[in-house]
Amino acid sequence: MKRPDFNSSHDQQLYSGLIRLHILHHACQEPIFGLGMIEELRRHGYKLSPGTLYPLLHSMEAKSLLRSSESTQQGRIRRVYRATASGRKALATAKLRVRELFGELFEEEQHARPRKR
Ligand SMILES: [Zn+2]
């Protein structure tokens with residue numbers, strides 16, 4: 001199933017929290033870098049330009065959710081971002097909230113679905 005594309009600024013406002021959580025999720029798993037994250041988000045249907053993503057990473061770093069450092073990979077210097085301890089804590093809390101929202105969003109569908117048996 002193809003996901004609807006994310007592009008308008010209206011969508012951007014609506015989904016900005018989801019995008020931040022997505023970034024935080026990946027930064028908890030491994031060091032991330034801007035272009036890699038743009039590709040990852042594109043895979044999920046979110047089309048972000050570097051001009052949108054980098055300020056987002058910077059603001060997450062300013063809020064101490066991420067910490068960046070320079071890393072040399074294949075002879076290239078790249079700024080990589082990792083989740084901080086407070087970033088991990090924030091993600092753990094956010095997961096509980098997402099689960100709750102998820103339950104509510106899909107509750108009606110579950111009730112509407114005809115019961116088996
Ligand atoms: Zn992902």
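This report describes the fold, the sheet, one loop residue and the nonpolar core of a predicted protein model.

Because the model is predicted, local features need pLDDT of at least 70 and side-chain atom pairs count only at pLDDT 80 or more, while totals for chains, interfaces and linings use all residues. Residues are numbered from 1 along each chain as its sequence is written.

**Overall fold**

The protein has four helices and three strands, arranged along the sequence as α-β-α-α-β-β-α. Helices (H or I, at least four residues) and strands (E, at least two) are DSSP runs, numbered from the N terminus. Of the 117 residues, 13% are buried. A residue is buried if 20 or more other C-beta atoms lie within 10 Å of its own, exposed if 12 or fewer, and partly exposed in between, with C-beta atoms placed from the backbone. Among contacts between residues at least 6 apart in sequence, 49% join residues at least 24 apart; a contact requires the C-beta atoms of two residues, placed from the backbone, to lie within 7 Å.

**The sheet**

The three strands form an open sheet with the order E1-E3-E2 and antiparallel pairing. E1 and E2 are the edge strands, each with a single partner, so one side of each has no neighbour in the sheet. Two strands pair if DSSP finds at least two bridges between them. E1 (residues 32-33) and E3 (residues 76-83) are joined by two bridges, and E2 (residues 66-73) is joined to E3 by eight. The table gives residues that stand opposite each other or are bridge partners.

| Residue | Partner in E3 |
|---|---|
| Ile32 | Tyr81 |
| Leu66 | Ala83 |
| Ser68 | Tyr81 |
| Ser69 | Val80 |

The hairpin of E2 and E3 has two residues between the strands, and Gln74 takes a positive phi near 50 degrees there.

**Helix H3 and the loop after it**

H3 (residues 50-62) has 13 residues, which at 1.5 Å a residue should span 18 Å; its end C-alpha atoms are 18 Å apart, in agreement. The expected span is 1.5 Å times one less than the number of residues. H3 lies across E2 and E3 and runs at about 125 degrees to E2. Axes are lines fitted to C-alpha atoms, for helices over the stretch in contact, and angles run from 0 to 180 degrees between N-to-C directions.

Ser64 lies in the loop between H3 and E2. Ser64 is not a glycine, yet has a positive phi of about 65 degrees. Ser64 counts as exposed because it has 12 C-beta neighbours inside 10 Å.

**The nonpolar core**

The largest nonpolar core has 14 residues, of which Leu24, Ala27, Leu65 and Leu66 touch the most other members. H1 (9-29), H2 (34-43), H3 and E3 each supply at least two residues of this core, and H1 gives the largest share, three residues. Such a core is a set of buried Ala, Val, Leu, Ile, Met, Phe, Trp, Tyr and Cys residues joined through C-beta atoms within 7 Å. Not counting residues up to four places away in sequence, Leu65 touches Leu24, Met60, Ala83, Thr84, Ser86, Gly87 and Ala90. Leu66, another of the core residues named above, stands opposite Ala83 in E3.
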